[in-house]
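Me: Here is a structure that I have not seen before. Please take me through it in questions and answers.

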Amino acid sequence: MNLELQGITKRFGSLVANDHIDLSIATGTIHALLGENGAGKTTLMNILYGLTQPDEGTILADGQPLTIHSPKNAIAARIGMVHQHFMLVPVFTVAENVTLGDEETRPLGLLDRRRMRRKVRELSERYGLRVDPDALTGDLPVGVQQRVEILKALVRDAQVLILDEPTAVLTPGETEDLFRIMRELRESGRAIVFISHKLKEVQAIADTITVLRRGRVVGERPPATSEDELAALMVGRSVQLRVAKTIAKPGRVVLEVRDLVVASGASVAVGAEEHAHVAVNGLSFRVRAGEIVGVAGVQGNGQTELCEALMGLLPVTSGSVRLEDRDITGAAPRDRLRAGIGYIPEDRQQDGLVGPFPVYENLVLDTYNRPPFASGPALKLDVIRTTAEQRVAEFDIRAQSISVPVETLSGGNQQKVILAREVGRDVKLLLASQPTRGLDVGSIEFVHRRIIEERDKGAAVVLVSSELDEIYALSDRIGIMYEGRFTGFRPPDVPVEELGLLMAGIVGADVPESGETDSPERTSRGAAAPAEPDPPGATGPADPEPPEPPEPGEPPEPGEPPEPGEPPEPGEPPEPGEPPEPGEPPERAGPDGDDPTRTLRKPT
Ligand SMILES: Nc1ncnc2c1ncn2[C@@H]1O[C@H](COP(=O)(O)OP(=O)(O)O)[C@@H](O)[C@H]1O
Ligand SMILES: [Mg+2]
């Protein structure tokens, strides 16, 4: 099916989110929509999917005008969409989610579990969308949940599939998987609209790239177009894809973490690791004033919990955390903020902002009740507002006004609000967790520059990121996390292959390096200089621990217990011990020299 969007215009108040957009989506192609956050990509696709009504414009399907008032119309026209934030019901199984809402259009019926399961299995086999139809959706890693969303569209026979920033939540490996699926869907004659802000990705997968900027189409380019040209189109000026920084001059120790053990929160359970799970397993490291320590690792190896524990959002099981000369192991988050920690949380909607509150209030969330924003119990609204106006200008936060709810801002602008607030006061330690996730190159450049500025002003910075480009661009030292520990620390010129092995838990015996030395100077690599005895648990020379053997008594992946009350199906064999995802490597290496790369953990 060929789709033609003509003159699509959508206004939100005075803001023109889509300004007379023309777009042709051809069958059997992957069409990328590239644009900064807030460029209008989601709005345009929401219009195509019937979630938003345009103020002007028409949509043609194979030359015929198409009226789309609701997703129901879109689905009937065989248009499917996978949203940026998934819309699955976590307590439902995959099969239930896939067929949810489909009962009216097909004689399937929610109760016909067996047919649902079979259908999901068929489709997942045909397109390589590996997923267990019986798994509870909430337990699945994001990458797999995304496959469920795609299946959901395919079950409804989507011929045009819209994927809104599908890779924002994926690891490089998962992205490769998704691209393979996308190519197969293209081969099957479908059209795919791929929304992204990542230049390399659109170059790799798209047949055509349409660039949007501030609601307008600013160009259509072939995938061979250079990164610089695409970036300039997107942002409207040339951008530095990699920010400049000088050599760090580390000073006094600001953060000292010793033997930290943190149990993961209940919601982190994935597959077999459902039981209480040690997310951070005896970490020790130090961060000095004026240096950026990057924490690299595949998502789900304890990075999130490390940050949350450092912020006091997750309880510490054992070990200690010191900020300068103060033990803050048990301190409340608010006290940590007051003690000089700035925090850029991974989940900005949930932990970083109060969505319905106006931008100006979000800019002073942790300091509103103190001078200069308050005197006694009275808030000084004028001071708060003036400060907010200044921050908005300084951080180039694009909002209609400082009074609009912060949730109406695009992701990049929301992140700038957090950044402006967190570095707007003096911080000794900046904890930045996935600070540019989902941001466009323009915003990334900005956030990176500000983080380096904080370092240069003397802050100690802990940067947690699953984007290796970001780790390389910012870190003065790189700590690699695997299964709750550091498998090593490396200088920022470490080859990516070595980093990859450390991320997979493979610790080369020939590359010892201490996590941190007492002198700011690094010990020479490979010289096996005696690692500092202090802190005792620091990642010593060649992490002495071999990869853990499977714990006795813990079966690798027990088959899901049968659902209570549901008799085993007569037709299908019970599939004992079936892993959630057929074909997926086990989480741990087999005892006998499995391919080392296969030990990579599934991200959560
Ligand atoms: N429901 C809404 N109300 C007000 N403004 C909105 C709404 N949805 C989107 N916008 C605004 O429209 C612009 C385009 O947003 P969006 O389409 O989400 O951009 P993109 O997907 O390219 O990041 C942004 O400035 C955003 O704040
Ligand atoms: Mg969007």
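Reply: Two strands pair if DSSP finds at least two bridges between them. Helices (H or I, at least four residues) and strands (E, at least two) are DSSP runs, numbered from the N terminus. This is a predicted model, in which local features need pLDDT of at least 70 and side-chain atom pairs count only at pLDDT 80 or more, while totals for chains, interfaces and linings use all residues. Residues are numbered from 1 along each chain as its sequence is written, and chains are lettered from A and ligands numbered from 1 in the order in which they are written.

Me: How many bridges join β1 to β4?
Reply: Strand β1 covers residues 3-12 and strand β4 covers residues 56-61. The two run antiparallel, and L3 has A61 as its bridge partner in β4. The number of bridges joining β1 to β4 is five.

Me: Which strands stand at the edges of the sheet that holds β1 and β4?
Reply: This open sheet has four strands in the order β2-β1-β4-β5, with antiparallel pairing. Each edge strand has a single partner, so one side of it is left without a neighbour in the sheet. The edge strands are β2 and β5 (64-65).

Me: What angle does the direction of α1 make with that of β1?
Reply: α1 packs on the four-stranded sheet and touches β1, β2 and β4. Contact here means that the C-beta atoms of two residues, placed from the backbone, lie within 7 Å. Axes are lines fitted to C-alpha atoms, for helices over the stretch in contact, and angles run from 0 to 180 degrees between N-to-C directions. The angle with β1 is about 120°.

Me: What is the order of the strands in the open sheet of six?
Reply: The pairing in this sheet is mixed, and its edge strands, β6 (79-82) and β10, each pair on one side only. Neighbouring strands are turned by 20° against each other on average, direction ignored. The order is β6-β7-β8-β3-β9-β10.

Me: Which residue in the turn between β9 and β10 has a positive phi?
Reply: β9 (residues 208-213) pairs with β10 (residues 216-221) in the antiparallel sense over five bridges, and L212 has V217 as its bridge partner in β10. β9 also pairs with β3 (residues 30-35), in the parallel sense. β9 and β10 form a hairpin with two residues between them. The residue with a positive phi, about 45°, is R214.

Me: Which helix lies across β6 and β7 at about 170° to β6?
Reply: α1 lies across β3, β6, β7 (160-164), β8 (191-196) and β9, and runs at about 150° to β7. The helix at about 170° to β6 covers residues 142-155. That helix is α5.

Me: Which element gives the largest share of the shell around ligand 1?
Reply: The shell has 14 residues, the closest being F12, A17, K41, T42 and T43; a residue is near a molecule if its C-beta atom, placed from the backbone, lies within 6 Å of it. Two elements give two or more residues to this shell, β2 (15-25) and α1 (41-48). At least three shell residues come from each of domain 1 (3-235) and domain 2 (253-503), with bounds from an automatic or database domain assignment. The largest share, three residues, comes from α1.

Me: Why is β13 largely enclosed by the rest of the structure?
Reply: A residue is buried if 20 or more other C-beta atoms lie within 10 Å of its own, exposed if 12 or fewer, and partly exposed in between, with C-beta atoms placed from the backbone. Both faces of β13 are covered, by I292, G294 and A296 on one side and V293 and V295 on the other. β13 pairs in the parallel sense over four bridges with β20 (residues 460-464), and likewise with β21 (residues 477-482). β13 (residues 292-296) is largely enclosed because its buried residues number five of the five.

Me: Is S410 buried or exposed?
Reply: S410 lies in the loop between α13 (381-394) and α14 (411-423). Not counting residues up to four places away in sequence, S410 touches N37 and G38. Because 21 other C-beta atoms lie within 10 Å of its own, S410 is buried.
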